[in-house]
Amino acid sequence: MNDSLRPLRIAAHVEFVSLVVMLANLATVHLAPVSSLMGPVHGCAYLFVVVATWRTGGATAAARVTALLPGVGGLLALWRLESGGSRQAAG
């Protein structure tokens with residue numbers, strides 16, 4: 001596990017979980033306080049994921065573009081960064 005990717009890993013999970021909570025809220029009871037809280041949380045996590053991915057030294061162009069996908073982009077970019085790093089170490 002790469003410790004330099006830890007903030008990105010946390011933000012990617014927060015981004016995904018906040019999207020799931022917002023969609024579940026929208027599909028069920030649609031409570032305004034939940035929307036008011038989860039919207040900014042998701043937005044901040046999304047921006048953090050994008051900036052953190054673009055600032056990562058070993059990020060490929062594909063990982064950087066993938067990070068721009070809202071909701072799952074952070075997890076996909078993290079997967080690309082981690083799998084790319086393991087291939088470089090092995091090769």
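Which side chain does the side chain of R80 make a polar contact with? Keep that question in mind while we look around; point 6 comes back to it.

1. **Getting your bearings.** You are looking at a predicted model. The chain has four helices and zero strands, so if you go looking for a β-sheet partner you can stop at once: reading from the N terminus, the order of elements is simply α-α-α-α. Along the principal axes, the C-alpha atoms of the chain fill a box of roughly 50 × 20 × 20 Å.

2. **Inside and outside.** Of the 91 residues in the chain, 30% count as buried. The chain exposes about 5,700 Å², and carbon and sulfur atoms supply 71% of that area. Now consider contacts with a separation of 6 or more: residues 24 or more positions apart account for 51% of them.

3. **The largest nonpolar core.** Which residues make up the largest nonpolar core? There are twelve in all: L5, L8, A11, A12, V49, A52, A59, A63, A67, A77, L78 and L81. Helices α1, α2 and α4 (73-90) each supply at least two residues of this core. A general idea to carry with you is that in soluble globular proteins, nonpolar side chains tend to be buried together. L5 is a good core residue to click on: leaving aside its neighbours within four places in sequence, L5 is in contact with T56, L78, L81 and E82.

4. **Two threonines to compare.** Is T53 buried or exposed? This residue of helix α2 has a relative accessible area of 0%, so T53 counts as buried. Beyond the residues within four places in sequence, T53 is in contact with L8, A59, A63, R64, A67 and A77. If you would like a distance to check on screen, the C-alpha atoms of T53 and V65 are separated by 9.3 Å, and the two residues are twelve apart along the chain. Next, find T56 in the loop between α2 (32-55) and α3 (61-66). A polar atom of the T56 side chain lies 2.7 Å from the backbone oxygen of A52. T56 also touches L5, R64 and L81, not counting residues up to four places away in sequence.

5. **The salt bridge.** How many salt bridges does the count come to? The count is one. The side chains of E82 and R9 meet in it, at 2.3 Å from N to O. This pair links distant parts of the chain: E82 belongs to helix α4 and R9 to helix α1, 73 residues apart. The partners also make a nice exercise in reading accessibility. R9 has a relative accessible area of 17%, and the cut-off for buried is under 20%, so R9 counts as buried. E82 is at 34%, so it counts as partly exposed.

6. **Back to R80.** Here is the answer to the opening question: the side chain of R80 makes a polar contact with the side chain of T66, at 3.3 Å. R80 is found in helix α4, and its relative accessibility of 38% is why it counts as partly exposed. Setting aside neighbours within four places in sequence, R80 is in contact with A62, A63 and T66. For another distance to try, the C-alpha atoms of R80 and V20, 60 residues apart along the chain, are separated by 22 Å.

7. **A nonpolar patch on the surface.** Please look at the outside too. F16, V17, V20, V21, L69, V72 and L76 form a nonpolar patch there, with about 520 Å² of accessible area together. Which helix provides the largest share of the patch? Helix α1 (residues 6-27) does, with four residues. F16 has its place in helix α1, and at 34% relative accessibility F16 counts as partly exposed.

8. **One backbone detail.** Finally, have a look at H30, which is found in the loop between α1 and α2. H30 has a positive phi of about 50°, although it is not a glycine. With a relative accessible area of 48%, H30 is partly exposed.

Key:
Residues are numbered from 1 along each chain as its sequence is written. This is a predicted model: local features need pLDDT of at least 70, side-chain atom pairs count only at pLDDT 80 or more; totals for chains, interfaces and linings use all residues. Side-chain values use heavy atoms; hydrogens and water are left out. Buried means under 20% relative accessible area, exposed over 50%, partly exposed in between (1.4 Å probe, protein chains only). Contact means heavy atoms within 4.5 Å. Accessible areas come from the Shrake-Rupley method with a 1.4 Å probe; for residues, only the protein chains shown count as cover. Patches are made of residues with over 30% relative accessible area and no salt bridge: like charges are joined within 9 Å, nonpolar side chains (Val, Leu, Ile, Met, Phe, Trp, Tyr) within 5 Å. A salt bridge is a side-chain nitrogen of Lys or Arg within 4 Å of a carboxyl oxygen of Asp or Glu. A polar contact is a pair of N or O atoms within 3.5 Å; within protein, one must be able to donate a hydrogen and the other to accept it, and residues adjacent in sequence count only if both atoms are side-chain atoms. A nonpolar core is a set of buried Ala, Val, Leu, Ile, Met, Phe, Trp, Tyr and Cys residues joined through side-chain atoms within 4.5 Å.
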